[in-house]
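Biologist: Please take a close look at one sheet and the helices on it, and then set that part in its surroundings.

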Amino acid sequence: MTASPTVELDRAVVADLEAIMDEPGSVLTDVSSRANRSRVPAPFPVHRWAEHMPAAVVLPRTAEQVSEIVKLANRARVPVVPRAGGTGLNDGAVPLRGGIVVDVKRMNQIKEIDMIDRTVTVGPGINMLKLNEELGKYHVFHPDTPASYPCSLVGGRIACSGFSLLGSRFGHTRDLVISFEIVLPTGEIIRVGDGGGKKIRKSSTGFHLKHLFMGHQGTLGIVTEATLELVPKPEAEFAAFFAFDDYLRAHRTVHGIVTSGIATLAGTVIFDEKKVEYLRRDDEAFIPMPPWVNSVVATALYGTKAEVSEASKILMDLGRREGGRYTGDEMAVGDWASRHDRYANPLHGRLADGSVAPMSWHCEDASLNWSVIPQVREEWTAITQKYVDRYGIFDNWGMYCYTNASYKPWGDYLVEIDIGIWEEKLDDEKWAGWVDLKREIAKVSLAHGGSISSCHGTTRAGDAELVPEEMGGGWDVMLKIKRALDPNNIMNPGKQMLDQAYE
Amino acid sequence: MSQSSGNGELQRDFVEKWRENGYNCFSSGHKFCREVCPVMQVTRNENHTPTAFHANIIAMDKGLLDIEDVADDYVHCTQCGGCEIRCPNTLFVGDFYQARTETVKVVRAARALMVDEGLDRDGWKLWNRLTDELKNEPVLGIEGDRPTGQDHVRDWAEGLDLPVGGETIMFADCEAAFYRTSNTRATAQVLQKAGVEFGLMNEQWCCGGPAAEMGYVDQSRAFAEHNLADWRASGVKRVIAIEPHDYIHFTEDYPAYFGEDFDIEVVQIVELVAELIKDGRLKLEHPINKTVTYHDPCRLNKRKNIHEAPRYILRSIPGLVLEDVDHVTQWSYCSGGGGGLPIEKPEITAEISDMRLARAKELDVDMLVSACVWSERPLARAGDEVGIEVADIIELVAESAGIEVGGSRGVSQPTVSR
């Protein structure tokens with residue numbers, strides 16, 4: 001029951017879409033609209049671009065329109081691919097079988113700011129930075145701050161169950177989205193939360209459907225409204241960076257910090273040797289560090305002045321206890337402020353001979369326990385080097401580890417290895433090489449008891465075929481849910497091996 | 001996929017020239033530019049993003065689309081440059097690699113390709129044909145009398161007794177010379193009052209900048225050649241640009257056209273006036289008891305990093321209360337008046353200027369002050385609707401210096417029939 005790729009729509013279907021939308025310029029079938037909604041920032045097989053084009057794009061404004069579009073897609077057996085910011089690092093928003101891209105950017109209204117029960121209700125097409133510009137007037141903020149904070153949209157955050165750089169303090173997307181409205185794959189509009197009304201944060205009535213409808217990468221529906229958490233704007237912020245001559249000292253230092261009981265800890269990050277080397281490539285923007293520096297620990301506190309002032313003393317002591325050297329106030333303030341922009345820059349791509357080539361960013365984002373990180377780091381680095389040597393289009397941009405659990409900075413980490421890929425040189429063989437690289441890295445995560453992905457998702461080749469292994473007995477439950485909710489397999493088909501539900 | 005309408009070689013040249021720049025964006029794909037872009041904030045259509053403008057080059061390279069397929073997309077840009085400075089490639093490593101993401105130039109080159117391929121838009125075609133005939137932009141529309149053109153190019157200066165020629169000239173922008181004449185009159189009288197010696201151009205044509213922005217490269221260059229020849233003939237060494245678009249054109253396009261032969265000093269009016277105040281040559285003694293906010297014109301702030309001088313000027317005016325919004329926040333602000341957008345997509349310009357006035361309204365101000373005459377018409381239109389006056393910074397300087405300005409601040413939209 002797998003639909004064949006829909007690269008062109010029947011004229012009657014286009015006419016039906018136009019009737020549903022009833023607005024000039026909101027049903028787009030031209031090649032520009034389709035080509036510009038066929039990729040995301042994650043590595044893209046640019047040599048096979050045409051195979052990822054949708055047949056049409058719609059720009060809805062209401063949940064009712066989305067519902068009618070999805071019902072039409074069921075009748076016509078045409079795939080639907082939800083798209084919010086299109087800034088994901090997996091391929092959730094990339095059409096694999098053509099069809100209709102439902103682009104929700106026009107659903108970007110702030111519908112209600114409730115300063116009594118502390119919620120904000122928005123459309124899925126709003127960006128968090130833009131939202132916080134508005135919320136600033138009320139001295140509150142919505143603290144969902146991924147690396148893509150200036151450009152990703154709320155709908156995509158929910159579909160990916162994203163990670164926030166301040167998650168250890170304020171929670172991640174799943175904690176910050178109280179409830180949301182979603183159009184199911186058959187077109188019904190429902191609201192899911194923890195239970196109760198849309199502003200209830202904790203309930204034990206029924207199944208916890210909110211979690212089911214987050215992180216599915218657009219395979220279980222399209223979010224059309226969300227009620228989000230409002231958090232008091234912290235009175236004080238304190239950031240500190242510590243430099244180490246040895247990775248294991250940095251690793252132990254982090255453990256000391258996260259188990260100290262500091263409640264204002266917003267996040268702690270380790271940069272490994274390769275990451276420090278990568279950042280040194282840009283020695284004007286990044287404050288230079290002496291050659292002995294092998295690893296860096298970055299950490300930040302948010303809270304009231306009274307809390308942060310006292311905790312910062314504990315933090316400064318813990319940061320230095322294993323030989324860490326404080327890198328200075330200038331770096332702490334400047335680099336923490338620019339944390340959203342530092343992750344990957346195409347101009348830093350280097351070929352083996354040292355020459356510069358513009359490279360795309362691939363970021364593996366496993367969840368791993370603290371205890372296995374040094375071993376995984378060795379294995380990942382060795383695997384990556386093998387592919388760098390073999391293909392001549394990859395570059396190791398090093399590793400970061402971030403505290404991963406909401407409100408509990410100890411235990412597990414988002415461990416990422418950043419790999420530059422010279423997309424311009426991709427062909428089928430090199431693309432297959434990249435998929436193999438991803439798979440080898442993901443297998444290491446599973447072998448060490450981790451999860452393949454903390455926040456980007458596992459829809460892509462290289463990850464997707466390992467999902468049944470990671471899910472174990474849960475995989476069959478997933479297939480039953482998918483088949484029950486999406487009987488015609490129209491909702492973002494071809495992702496994450498879910499076609500198995502229809503075999 | 002459609003077939004190219006004309007000479008595929010020109011498209012190949014375009015792709016060849018801009019491919020590397022395009023790949024630097026394509027490889028990143030971060031889209032940090034998107035929520036800064038004034039057009040995207042209004043249309044919410046990914047076709048109109050800087051990311052798409054670069055990706056299209058790669059798509060052309062791959063044979064996926066032609067310029068014809070994206071011609072209308074490239075109209076959706078005010079050339080404000082916000083995307084370029086918000087790009088992580090420019091912002092964080094640009095100095096190191098001596099690289100800047102060039103999006104404005106890509107848009108201009110794509111529009112030039114559209115002109116060469118006969119894909120230019122009707123409104124722009126007419127606007128530039130009339131400019132070519134009149135030698136000034138048809139800023140008063142083309143219906144009925146046409147008091148624009150060379151016979152009227154100095155009408156605004158009536159009674160000011162301004163000489164023609166000299167080492168320093170004040171270049172009267174078309175919009176200011178014919179539409180918002182309070183701007184030109186205020187500027188000339190402020191300079192007179194401060195004792196700056198200057199004259200007007202002998203035969204002033206349009207600077208050629210709008211033609212360059214809309215892709216009419218040959219016309220732009222012809223106008224530049226005329227103006228430079230006129231300056232040379234009257235011994236001009238220094239040009240005072242009273243308007244940011246002209247300033248961009250004189251400091252970026254003219255040097256590109258003429259290379260080292262271009263030895264004219266170009267001065268921006270807000271920087272000059274700030275100096276005159278600092279030096280005590282211009283005294284601002286008449287209080288203006290109003291609460292204002294300042295609109296950073298895109299071409300000054302985003303493209304030339306000029307944002308301190310206008311704030312210095314406003315803080316020098318007695319009685320004036322400035323509710324300031326910092327210039328980085330204003331990277332995502334725009335009037336919608338640039339890049340030919342109001343000629344082809346007036347409804348988008350109107351939405352952008354409405355959005356700008358809504359932001360001013362939240363500050364509870366009496367007045368929005370700009371330093372770009374091209375922004376002032378759409379902003380004033382939007383200001384009328386929300387009860388906020390829109391003024392030019394030099395008009396306020398003149399008032400505070402005790403000058404009776406005269407002239408017109410204009411009200412209506414230009415009409416250009418298709």
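Modeller: Two strands count as paired if DSSP finds at least two bridges between them. The model is predicted.

I take the open sheet of four strands in chain B, where the order is β5-β4-β6-β7 and the pairing is parallel. At its edges are β5 (321-322) and β7 (389-392) of chain B, each of which pairs on one side only. The partner of β7(B) is β6(B), residues 367-370, and these two strands run parallel with four bridges between them. One position fixes the register: Leu368(B) has Val390(B) of β7(B) as its bridge partner.

Two helices of chain B belong to this end of the sheet. Helix α19(B), residues 373-386, packs on the sheet and touches both β6(B) and β7(B). The direction of α19(B) makes about 165° with that of β7(B). Helix α20(B), residues 393-400, lies across β6(B) and β7(B) and runs at about 80° to β7(B). The edge strand β7(B) thus serves as the reference for both angles, about 165° for α19(B) and about 80° for α20(B).

Parallel pairing is also found elsewhere in chain B. Strand β1(B), residues 168-171, runs parallel to β2(B), residues 238-241, and four bridges join them. Within that pair, Thr168(B) has Arg238(B) in β2(B) as its bridge partner. Strand β2(B) also pairs in the parallel sense with β3(B), residues 265-268, again over four bridges. Here Arg238(B) stands opposite Glu265(B) of β3(B). Arg238(B) therefore appears in both pairings, with Thr168(B) as bridge partner and with Glu265(B) opposite in β3(B), under the DSSP bridge rule. The connection from β2(B) to β3(B) includes helix α13(B), residues 244-258, and the three elements make a right-handed β-α-β unit.

The next step outward is the contact with the other chain. In chain B, 34 residues are in contact with 38 residues of chain A. On the chain B side, the elements that give two or more residues are α1 (8-28), α3 (50-61), α4 (67-70) and α6 (88-97). Of these, α6(B) supplies the largest share, eight residues. Sorted by class, that side of chain B has 17 nonpolar, eight polar and nine charged residues.

Chain A itself has 16 helices and 18 strands. Its C-alpha trace spans about 70 × 60 × 45 Å along the principal axes. The radius of gyration of chain A is 23 Å, which agrees with the value near 23 Å that a compact globule of 503 residues would have. Buried residues make up 55% of chain A. Among contacts in chain A with a separation of 6 or more, 71% join residues 24 or more positions apart.

For a sheet to set beside the parallel one in chain B, chain A offers an open, antiparallel sheet of five strands in the order β5-β6-β10-β8-β9. Its edge strands are β5 (110-114) and β9 (189-193) of chain A, and each has pairing on one side only. Direction ignored, neighbouring strands of this sheet are turned by 15° against each other on average. Inside the sheet, β6(A), residues 119-122, pairs with β10(A), residues 222-229, in the antiparallel sense over four bridges. Val122(A) stands opposite Ala226(A) of β10(A). A helix packs on this sheet as well: α3(A), residues 63-76, touches β8 (177-183), β9 and β10 of chain A. The direction of α3(A) makes about 45° with that of β8(A).

Two backbone details in chain A remain. Asn492(A), in the segment after α16 (474-485) of chain A, is a residue other than glycine, yet its phi is positive, near 55°. Asn492(A) counts as buried because it has 33 C-beta neighbours inside 10 Å. Gln496(A) is also placed in the segment after α16(A) and has a positive phi of about 60° although it is not a glycine. With 24 other C-beta atoms within 10 Å, Gln496(A) is buried, the cut-off being 20 or more.

Notes:
Residues numbered from 1 in each chain as written. Chains lettered and ligands numbered in written order. Predicted model: local features only at pLDDT ≥ 70, side-chain atom pairs only at ≥ 80, totals over all residues. Contact = placed C-beta atoms within 7 Å. Axes fitted to C-alpha atoms, helices over the stretch in contact; angles between N-to-C directions. Rg over C-alpha atoms; globule rule 2.2 N^0.38 Å. Buried ≥ 20, exposed ≤ 12 C-beta atoms within 10 Å, placed from the backbone. Right-handed = clockwise from strand over helix to strand, strands pointing away. Nonpolar A, V, L, I, M, F, W, Y, C, P; charged D, E, K, R; others polar.
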